[in-house]
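Reader: I'm new to this one. Can you walk me through it?
Author: Sure, here it is.

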Amino acid sequence: MAETGRLRQTAVASPAINPVTLLRIAIILAVLAAWEFLAHSGWLYRDVVPSLLSIGRAMAALLTDRNYYFNLGVTAAEIGAALAIGGSAGLVVGLVLGANRFLARAFEPYLYYLGPTPKIIFFPIMIMWFGVGPESKVALGTLSCFFPVALNVAAGMRQIDKVLVRVGRSFRASTWQMVQKIYLPAMRHPIINGVRLGFGFALIGTLLAETKLSNKGIGFLIIQTYSIFDMPAMYAMLIVLFVLAIGANALIGKLGGLDSIKRN
Amino acid sequence: MTTADTPLVASDRDSVARLVGFGTFVASLLVTEAVIRIGWLNRFIVPPPSEIVASFGRLFTEEHIAYRFFFTAGECLIAGIMVTICGIAIGVLMQRYKLLQRSCETWVAAFASAPLVLTYPLFMVIFGRNAWTIIMMGFLSALPPVILKTIEGISGTRKVLVNVGRSFNLTATQQFWKILFPAALPTIFVGIRLGLIFALINVVGTEFLINFGGLGQLINDLAERYDLAGTYAAICFVILVSVLFFMALEKAERWLRPVD
């Protein structure tokens with residue numbers, strides 16, 4: 001009897017689906033049902049809220065379209081280039097500002113206050129400097145991702161445990177050895193966090209620039225669906241883009257071990 | 001002597017550093033001016049800084065930048081009011097019902113990392129090419145930080161304060177308005193500050209992209225007319241506005257946050 005009771009207790013303590021999952025499923029189903037109702041209600045202009053079936057069809061068509069992958073490749077390359085250039089520039093500037101208090105006091109306020117300005121307004125300048133091709137999109141992405149990386153690295157550098165720096169100095173490490181053996185390993189988390197933020201900003205900057213003026217890339221495809229009023233395709237593209245962006249963001253955080261910091 | 005001297009030396013160093021920073025900025029402008037005047041840099045790509053400064057007056061008299069500023073400020077204000085009301089309400093609701101919080105908090109965080117501003121063509125279809133599209137873009141981008149910080153602020157209320165409320169037999173509503181909300185206000189304001197910054201960025205950005213509204217549209221207009229000096233001056237004006245806005249919000253946050 002006692003054994004049965006224990007078994008029953010275990011079964012109650014760990015139900016097959018926990019309430020959080022159940023509520024999540026209920027919310028998703030409610031949203032989908034509301035969406036479908038709105039699509040067939042006629043309250044909005046036709047196709048502003050297309051039916052789930054037509055969005056599903058558009059998504060299937062999108063994911064089997066070679067042209068989509070070509071444009072995805074173009075955008076990915078632009079974002080990659082922007083992250084590489086802006087991220088490395090941000091890393092170097094952040095290391096310099098973090099290591100030197102005087103330079104930080106002199107120049108960091110400019111970075112700090114320029115960081116939250118809307119970067120898309122620099123796009124006309126980027127077009128004049130780099131032309132209408134992918135270079136201007138890369139330049140805008142670079143500008144967008146430079147600031148968060150530089151500010152995060154500079155702040156991370158100042159948070160390094162002083163003991164580690166003293167250990168390095170007591171071993172008479174050269175500047176390069178200090179950077180390689182002390183600073184960079186100790187700043188892994190701030191750097192990854194900066195890159196994660198930088199990636200988000202580079203993505204937004206590049207895609208917005210593509211929606212404004214381009215003839216290839218995901219931003220171009222999105223604005224093209226708007227021009228021809230292909231709403232199911234626009235929804236499909238936005239959903240795929242959001243999944244990719246959120247997934248990439250989570251992946252960078254996971255690779256850098258950011259989730260482990262939160263748990264500690 | 002030493003203890004009295006140290007802050008003075010530190011503040012002296014700060015002033016020298018600030019001077020060096022400002023000096024470098026001015027020197028870089030002078031070098032750019034010289035390089036353009038010599039002809040090493042094409043003035044049809046980068047206009048001389050003196051021309052940019054001179055075109056500021058024109059922005060006020062011919063381009064009505066003051067009116068445009070108030071138009072953009074109005075859009076930001078509406079987005080800010082909407083986000084404050086909705087963000088705090090959703091945050092309070094999620095914090096009140098723990099199951100809801102556990103189910104949806106990660107979604108809100110994921111929502112924050114999504115490139116929401118890219119949905120502007122969708123909002124143009126729904127609302128048309130008008131101020132509501134711009135306001136909605138500002139509102140949407142500002143919502144996640146306000147929700148997350150409201151949850152954080154209320155959850156972080158010191159236990160002793162909650163117990164004081166209980167010992168006075170306060171009702172749930174009284175407990176919220178007299179204890180939880182005032183204690184959470186500084187943290188909630190951090191969320192509102194972040195939200196307002198995102199709102200300003202997205203409002204100006206959307207104005208530029210859809211060529212409608214205030215300051216963002218002005219930059220787009222001037223660039224399309226190839227008025228280089230005017231474009232640069234308008235961009236400088238937007239930078240100045242966002243820096244001042246950012247500083248004002250920081251000051252308000254410091255005023256709200258009690259000294260630890």
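Author: We'll take the chains, then how they touch, then some helix pairs. Keep in mind that this is a predicted model.

Reader: Start with chain A. How many helices and strands does chain A have?
Author: Chain A has 13 helices and zero strands. Read along the sequence, the pattern is α-α-α-α-α-α-α-α-α-α-α-α-α.

Reader: Is chain A spread out or compact?
Author: Spread out. The radius of gyration of chain A is 24 Å, and the globule rule gives 18 Å for 264 residues, so chain A is more spread out than a compact globule. Along its principal axes, the C-alpha trace of chain A spans about 75 × 70 × 30 Å.

Reader: And chain B, how many helices and strands?
Author: Chain B comes to 10 helices and zero strands. Its radius of gyration is 24 Å, well over the 18 Å that the globule rule gives for 260 residues, so chain B is more spread out than a compact globule. The C-alpha atoms of chain B fill a box of roughly 75 × 70 × 30 Å along the principal axes.

Reader: What domains does chain B have?
Author: The domain assignment gives domain 1 (2-46) and domain 2 (56-256). In chain B, the C-alpha centres of domain 1 and domain 2 lie 33 Å apart.

Reader: Now the contact between the chains. How many residues does each chain put in?
Author: Chain A gives 41 residues and chain B gives 38 residues.

Reader: Which helices of chain A supply that side?
Author: α2 (19-41), α5 (101-114), α6, α10 (188-212), α11 (218-227) and α12 (231-255) of chain A each supply at least two residues. By class, the side of chain A that touches chain B has 34 nonpolar, four polar and three charged residues.

Reader: You listed α10 and α11. At what angle do α10(A) and α11(A) pack?
Author: About 45°, with their axes 7 Å apart. α10(A) and α11(A) are therefore oblique to each other. Their crossing is right-handed.

Reader: Which residues make that contact?
Author: From α10(A), A:Leu207, A:Leu208, A:Ala209, A:Glu210 and A:Thr211. From α11(A), A:Ile218, A:Gly219, A:Phe220, A:Ile222 and A:Ile223. The residues of this contact divide into seven nonpolar, two polar and one charged.

Reader: What about α6(A)? Where does α6(A) sit against α7(A)?
Author: Helix α6 (residues 123-130) and helix α7 (residues 134-158) of chain A have axes that come within 9 Å and cross at roughly 135°. That makes α6(A) oblique to α7(A). α6(A) passes α7(A) in a right-handed crossing.

Reader: Which residues meet there?
Author: α6(A) brings A:Phe123, A:Met126, A:Ile127, A:Trp129 and A:Phe130. α7(A) brings A:Glu135, A:Ser136, A:Ala139 and A:Leu140. By class, the contact of α6(A) with α7(A) has seven nonpolar, one polar and one charged residues.

Reader: Back to chain B. At what angle do α3(B) and α8(B) cross?
Author: Roughly 140°. The axes of helix α3 (residues 65-96) and helix α8 (residues 172-210) of chain B come within 9 Å. That makes α3(B) oblique to α8(B). α3(B) passes α8(B) in a right-handed crossing.

Reader: Which residues meet in that pair?
Author: Among them are B:Cys76, B:Ala79, B:Gly80 and B:Val83 in α3(B), and B:Gly191, B:Ile192, B:Gly195 and B:Leu196 in α8(B). The residues of the contact of α3(B) with α8(B) divide into 11 nonpolar, six polar and two charged.

Note on methods:
Residues numbered from 1 in each chain as written. Chains lettered and ligands numbered in written order. Predicted model: local features only at pLDDT ≥ 70, side-chain atom pairs only at ≥ 80, totals over all residues. Axes fitted to C-alpha atoms, helices over the stretch in contact; angles between N-to-C directions. Helix = DSSP H or I, 4+ residues; strand = E, 2+ residues; numbered from the N terminus. Parallel < 35°, antiparallel > 145°, perpendicular 65-115°, else oblique. Left-handed = near helix turned anticlockwise from the far one by under 90°. Contact = placed C-beta atoms within 7 Å. Nonpolar A, V, L, I, M, F, W, Y, C, P; charged D, E, K, R; others polar. Domains from an automatic or database assignment. Rg over C-alpha atoms; globule rule 2.2 N^0.38 Å.
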